[in-house]
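User: I would like to learn how to read a helix and a chain contact in a model. Could you take me through one?

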Amino acid sequence: MNDPRKSNDSEPTTHFGFQSVPESQKAEKVAEVFHSVAAKYDLMNDVLSGGMHRLWKRFTIELSGVRPGNRVLDIAGGTGDLTRKFSTLVGPSGEVVLADINESMLRVGRDRLLDKGVAGNVSFVQADAEKLPFPDNHFDVVTIAFGLRNVTHKEDALRSMLRVLKPGGRLLVLEFSKPSNELLSKFYDAYSFRFMPLAGKLITNDADSYRYLAESIRMHPNQETLKAMMVEAGFERVTYHNMTGGIVALHRGIKP
Amino acid sequence: MLLTGLYAGVELGLNRVLAMDSTALPRLARLSGKVIAVECSAPNLQLFILPSNSGLQLASQWAGAADCRLRAPAASLLRLASSQDKTRILHSPEVELDGDSAALMELAAILQDLELDWEYELSRWLGPVGSQLLSGHLRSRVSWSAQALDSLRLNLADYLSEESRSLVGQREADSRFAELDRLKLDLDRLDARIERLAQLHKPSA
């Protein structure tokens, strides 16, 4: 029997959008996408979501329940939207770590936060979500916003996040998901595959990266599958909240 | 989601206003880390307020525990927001307050004490010369309006009491009230004396 995840030279493959690529190449290809869009990432987020990404992130903050003195890890933190809010909430006695695998995104995030005067309790770490370079039972809250779908081995990443969380700590996964309404789903498909690459072409002169974005969203596990993956990784009391008709979902799990 | 969007808009406006007061943000910094929950029972709404040195964060829900929880109908909450005597409203039966009430009272005091430096805000948009001209003009208009209203009030009172004799003048009323007070005291004394005499002449059993 042939393993569908194996290519001819028997290296395991994974999806990169709708393409199938050797696993060793996915991280490099994702990195290329984010190197390309880093400079105009915030602008594109506002244009493509109509500003909704700010509300989705606000909701994530609300469900995090972060308190002064907490230690928070913001994986795939990109330009630091969540980190900025967490920094205020944890106060001088707490700590926020903004981690991103992509150097360009991390640099943009660090510069942006420093420009806004966010410093003192924030550190920046270039790290792979699958192999987080932190001790066991270290963080009170771990978040990953719009990052999990770009990770090659999602199960490994979830296990790594579980490891670094303290018992009772919370993982929040904010990610694109599957719309719950058929009509909305059709409109969303048309929007994603026609408007998004066009906007990418006009604003960043890079249609391919935004085509990848639309494709990677379709390849990402739906709400129930991701919930099952989190339970499988070892999280308890896993729940999810659909936002904007299920276009985005926020999953939350507690480390036992 | 709609409520989250609404709170985001209110938060933005509120924090702009708070930034216009030179003392509000340092005072809010002292409340940093507190979570104040306001629950409106009719209509059913919930608001979490998180003060910090950068202003207020408003949330429609909060996963952590609140330090102070205020539960009341909308009418009582509005009265609480506008009234100077908050303690009286907080003691009314339809208002429930749990936890650290000092945090809530301090937040209310900060919002009530706001003194907005609107000239500074204006100067950011119009520049120093433009804002100086406009604020000077506005200040003289406001001062003129206040003087005109004061003068109108005095003239009206004078006309009604002295010329048309429709109302009693303030001094005349004060003098009459003083007479009435004296009369009341005299009556009380008389009443006490009669009572004492009645006790003296009461036949012993």
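Analyst: What follows goes from the whole chain to one helix and then to the contact between chains; the model is predicted.

User: How many helices and strands are there in chain B?

Analyst: Chain B has 7 helices and 5 strands. Read from the N terminus, their order is α-α-β-β-β-β-α-α-β-α-α-α.

User: What radius of gyration does chain B have, against that of a compact globule of 205 residues?

Analyst: Chain B has 28 Å, whereas a compact globule of that many residues would be near 17 Å. Its C-alpha atoms occupy a box of roughly 80 × 60 × 30 Å along the principal axes. Of its 205 residues, 16% count as buried.

User: Why do the buried residues of helix 5 of chain B line one face?

Analyst: Start with the general idea. An α-helix has 3.6 residues a turn, so residues three or four places apart point the same way. In helix 5 (residues 101–112) of chain B, the buried residues are B:Ala103, B:Leu104 and B:Ile110. Viewed down the helix axis, they fall within an arc of 125 degrees, and therefore line one face. The face turned away from that buried side carries the exposed residues B:Ala102, B:Ala109 and B:Gln112.

User: What do the buried residues of helix 5 of chain B pack against?

Analyst: They pack against helix 2 (24–29), strand 1 (36–40) and strand 4 (68–72) of chain B.

User: How many residues of chain A are in contact with chain B?

Analyst: 14 residues of chain A are in contact with 14 of chain B. Helix 3 (residues 52–64) of chain A gives the most to chain A's side, with 7 residues. That side divides into 5 nonpolar, 5 polar and 4 charged residues.

Technical notes
Residues numbered from 1 in each chain as written. Chains lettered and ligands numbered in written order. Predicted model: local features only at pLDDT ≥ 70, side-chain atom pairs only at ≥ 80, totals over all residues. Contact = placed C-beta atoms within 7 Å. Helix = DSSP H or I, 4+ residues; strand = E, 2+ residues; numbered from the N terminus. Nonpolar A, V, L, I, M, F, W, Y, C, P; charged D, E, K, R; others polar. Rg over C-alpha atoms; globule rule 2.2 N^0.38 Å. Buried ≥ 20, exposed ≤ 12 C-beta atoms within 10 Å, placed from the backbone. Arc of directions from axis to C-beta.
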